[in-house]
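Me: Please take a close look at one part of this model, the side of one chain that touches the other. I would like a connected account, with whatever helps in reading it.

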Amino acid sequence: MFDLTIRKRQESLGWTAVLIYSGAVAMALLFSAGLLFFQGNSPIEGLSLLLEGAFGSSYAIEDCLIKAIPIYLCALGVAIAFKLQIWNIGAEGQFALGAIGATWVAITFPGHSSWVMIPSMMAAAFLCGGLWGVIPAVLKLKANANEIIVTLMLNYIAILILDYLVYGPWKSPDSFGFPMTQEFSSGAIIGKIGETNLNWGLLICLISGLVIYIFFKFTVMGFELKASGENVRAARYARFPYGRLVIISMLLSGAFAGWAGFVEASATLNRLQPTIMVGYGYTAIVVAWLARLNPFYIGISSFLLAGLRVGVENLQLELQVPAAFGEIMEGLILLTILAGTFFINYRFVRRPRP
Amino acid sequence: MRKVLVLLVLALLVAGVTAQAAEKKMKIGFVYVSPVGDAGYSYAHDVARKAIEALPGVEVKFLESVKEGADSERVFLKMARNKYDLIFGTSFGYMNPMLKVAKKFPNTVFMHCSGYETSKNMGNYFGRMYQARYLSGMVAGSMTKSNVLGYVAAFPMPEVIRGINAFALGAQAVNPKAQVRVVWTKTWYDPAIEKEGAKSLLDVGADVIAQHQDSPGPQEAAEERGVYSIGYNTDMSSFAPKAHLVAPIWNWAPYYIEVLNSVKDGTWKSGSTWNGLAEGVVDLSPMSDMVPADVKATVLARRSEIKKGDYVVFSGPVKDQSGTVRIADGVVPSDQDLLKMGWFVEGVIGTTK
């Protein structure tokens, strides 16, 4: 007889990893198909409706990309902090502050051309979101406050600030008392790309992703950040400026989430209103982890997650399954992929009994 | 000759098939902000959807739990691209996304509930729920012993404020000492938070709990403490059989069928519709046996007065919280004023912020 023991893998798996992840997704789809079957629907029809709704037409791809933009920016942000093992759960609040900053510019200086408005809104969103991220960083360094708690609590405060503004001083005079600002002037709205429904926020994603990739791959600070994340004590011993790294990673982290808020307010809603908060900041944490904090993979995983959410709508509409089905499917996929990650990091070894 | 006959038969067949195709089903879509199983607001709309589904010549679909903002825009876009003839969106936050999509798809009729924007092919509609709330306030005002009525409310927006004011006026009409205490939950559907909100009102002495929420959480809180409650949206008595006195309720089916028929025969026109008790879109659920017969009679008498137009809910004089007269004696406020209402009447304790 023999025992099974678990060993950490020393070597990288390469293409086998892709196989494991595909297997995980396939298993989740199989479970979902089973659920569809028990509901009295055809599983094959259901899954093909899902795929068709997500990726089956140029409209569908467009919809997925639009939905992926804010998720991508938030996830890129949290990934920077996570690399340093700073657990930023506050992308939601940083997103809100970014939207607030951009809106302040848009409604305070209306009527300028987009060449002036868009860059200044971006700068305001960067600053507001970034500084909202720096608060927990400073508290961590000076007061040893746990950043998980602080960032989480700051989310609630940020949403309350947003509510205060749209219910109070920023409420549009012609909204019949409903909580929303006036519509942005055309210069403050991010335009659409050509004839498509896509907005130029996509370009912000591409450039941000590229910059962060270069930052980690080719700059000294990027290296210090990565290395400190892997071992804080070693980093301190090597005289890396740990405090500065924490501040900068949280600044960038918050700034990208802030940009997501800016893009949502400007391109999608064309104004600020409470409905802007739909939880991208929390989705981002999952997306960043699934993508193992790599900017390129984050792109893929936010696109796929957006695809899942868009596709499930099609499934719901055509087969009239309940909305909870989509959430169950999403949960199943995350669960199987997490299980798959285990097999990528560890392996079972047969050990003969002595 | 035979060939000609065969051709004729074929031609007739083809014509028949095309005629049948022309008589295609009308596609109707409903978009809800919360799940339909919530016994609340979306549930009330969905009851009407089912009534429509039973009609011939229609294909009805719905999507539930669709978030306001970007997600709703995509959903409307999808339905419009799939050539839906008529789309109902039942949450305020759907207004601007719907307006954007409506401009791009002139052949689809869009109907938005609870907002104010319209366009060539987008109309809006709502119900004068405040009339039914006034009546439920009369019931609450008659049944309270402590003269403190608790009101668990969602968001400080005109629709909700108007409902609270009407409720307070109704209570004061039968009990001048009645005051209404308001707590804002900032949620539409969150059973736990809404139940807690009700408990906080019970702690300050409220002995009737009313609500502008979609969950039955406040009803359960009242049932547990052994006090009375007033439901909302649908008859919620099954959630709190010993507490539930009455509920102001929605009855959308007749209006939805009317809209559907007007779209079908091409007479639909964009505009704003604000029907009330008279048209039957809002009403009171049956009153519980706990309500004494004389109270029932008074409330039902007022109901028929409002129905006939003999009594108007916000007719002056109406004072605000500071005692200033906001609606002068004998004045009937315009619908515009009611739609913008952002202040509380005298006797309401709480802020509109």
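Reply: What follows covers the contact between the chains, and then one helix pair inside a chain.

The model is predicted, with an ipTM of 0.90 and a pTM of 0.89. For chain B the mean pLDDT is 92, and 93% of the residues of chain B reach 70 or more. Where pLDDT is low, the predicted coordinates should not be read in detail.

Between the two chains, 24 residues of chain B are in contact with 21 residues of chain A. On the chain B side, three elements each supply at least two of the residues that touch chain A: the strand β2 (58-63) and the helices α3 (70-81) and α11 (335-340). Of the elements of chain B, α3(B) gives the most to this side, with 6 residues. By residue class, the side of chain B that touches chain A has 10 nonpolar and 10 charged residues, along with 4 polar ones.

Within chain A, a helix pair can be described in similar terms. Helix α8 (residues 220-230) of chain A and helix α10 (residues 242-269) of chain A have axes that come within 10 Å and cross at roughly 105 degrees. An angle of 65 to 115 degrees counts as roughly perpendicular, and α8(A) and α10(A) are therefore roughly perpendicular to each other. From α8(A), the residues at the contact are E224(A), L225(A) and S228(A), which meet Y242(A), L245(A) and S249(A) of α10(A). The residues of this contact of α8(A) with α10(A) divide into 3 nonpolar, 2 polar and 1 charged.

Key:
Residues are numbered from 1 along each chain as its sequence is written. Chains are lettered from A and ligands numbered from 1 in the order in which they are written. This is a predicted model: local features need pLDDT of at least 70, side-chain atom pairs count only at pLDDT 80 or more; totals for chains, interfaces and linings use all residues. Two residues are in contact if their C-beta atoms, placed from the backbone, lie within 7 Å. Helices (H or I, at least four residues) and strands (E, at least two) are DSSP runs, numbered from the N terminus. Ala, Val, Leu, Ile, Met, Phe, Trp, Tyr, Cys and Pro count as nonpolar, Asp, Glu, Lys and Arg as charged, and the others, Gly among them, as polar. pLDDT is the predictor's confidence in each residue, from 0 to 100. Axes are lines fitted to C-alpha atoms, for helices over the stretch in contact, and angles run from 0 to 180 degrees between N-to-C directions. Angles under 35 degrees count as roughly parallel, over 145 as roughly antiparallel, 65 to 115 as roughly perpendicular and the rest as oblique.
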